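Trainee: I should like to examine this model by asking, for each label, what justifies it. May we begin once it is displayed?

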Amino acid sequence: WSAACTIPYGTTWTYEQLAAHLGMIKGARAVGNALGANPLCLLVPCHRVIRKDGSYAGYNGGIENKRALLELEKKTEKKNP
């Protein structure tokens, strides 16, 4: 979960990118499972992790909340570079 906290505000990484960041070249599924067990959705920004094809995967707070959080971050990031 601490690795997810390194994803910059307003950006997204894929599960594969996060796994590579951790040195787990084939660990995308393990990363997804770990993030799926995250009980602190707002403190550990797992909403910033998306599928390789750009679609949104499961999120404990719900897919619509994930989409809303990412949109909010993008809007806020544009105002405060």
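Trainee: How far apart, in helical turns, are Glu64 and Arg67 in helix 3?

Mentor: About one helical turn separates them, because Glu64 and Arg67 are three residues apart in helix 3. Helices here are DSSP runs of H or I with at least four residues, strands are runs of E with at least two, and both are numbered from the N terminus. The model is predicted, so local features need pLDDT of at least 70 and side-chain atom pairs count only at pLDDT 80 or more, whereas totals for chains, interfaces and linings use all residues. Residues are numbered from 1 along each chain as its sequence is written, and side-chain values use heavy atoms, with hydrogens and water left out.

Trainee: What makes Glu64 and Arg67 a salt bridge?

Mentor: The term requires a side-chain nitrogen of Lys or Arg within 4 Å of a carboxyl oxygen of Asp or Glu. The closest N and O atoms of Glu64 and Arg67 are 3.5 Å apart, and the pair therefore satisfies the definition. In general, side chains of opposite charge can pair when their charged atoms come close.

Trainee: Are Glu64 and Arg67 buried or exposed, and how do you know?

Mentor: Buried means under 20% relative accessible area, exposed over 50%, and partly exposed in between, with a 1.4 Å probe and protein chains only. Glu64 has 54%, so it is exposed. Arg67 has 30%, and is therefore partly exposed.

Trainee: How many salt bridges does a search of the whole structure find?

Mentor: The search finds three. One of them joins Glu16 to Lys52, with the closest N and O atoms 3.8 Å apart. This pair links distant parts of the chain: Glu16 belongs to helix 1 (residues 15-21) and Lys52 to the loop between strand 2 and helix 3, 36 residues apart. Glu16, at 40% relative accessibility, counts as partly exposed, while Lys52, at 64%, counts as exposed.

Trainee: What makes the pairing of Arg48 with Glu73 a salt bridge?

Mentor: The closest N and O atoms are 2.9 Å apart, and the distance criterion is therefore met. The pair also links distant parts of the chain, since Arg48 is in the loop between helix 2 (28-36) and strand 2, Glu73 is in helix 3, and 25 residues separate them.

Trainee: Why is Arg48 called buried, although it carries a charge?

Mentor: Its relative accessible area is 9%, so Arg48 falls in the buried class. Glu73 is buried as well, with 4%. Contact means heavy atoms within 4.5 Å. Leaving aside neighbours within four places in sequence, Arg48 is in contact with several residues, including Ile7, Tyr9, Trp13, Leu70 and Glu73.

Trainee: Which residues does Thr14 touch, and where does Thr14 lie?

Mentor: Thr14 lies in strand 1 (residues 13-14). Not counting residues up to four places away in sequence, Thr14 touches Val49, Ile50, Arg51 and Lys52. At 13% relative accessibility, Thr14 counts as buried.

Trainee: Is Ala57 buried or exposed, and what does Ala57 touch?

Mentor: Ala57 has a relative accessible area of 8%, so it is buried. Ala57 is found in the loop between strand 2 (49-50) and helix 3 (63-79). With residues up to four places away set aside, Ala57 touches Tyr15, Arg51, Ile63 and Lys66. Ala57 and Tyr15 are 42 residues apart along the chain, with their C-alpha atoms separated by 9.7 Å.

Trainee: Why is Gly61 given its accessibility class?

Mentor: Gly61 has 30% relative accessibility, so it counts as partly exposed. Gly61 is placed in the loop between strand 2 and helix 3.

Trainee: In what order do the elements of the protein chain run, and how do you know how compact the chain is?

Mentor: From the N terminus on, the order is β-α-α-β-α. The radius of gyration is 12 Å, close to the 12 Å from the globule rule for 81 residues, so the chain is as compact as a globular protein of that length. That radius is taken over C-alpha atoms, and the rule is 2.2 Å times the number of residues to the power 0.38. Of the 81 residues, 32% count as buried.
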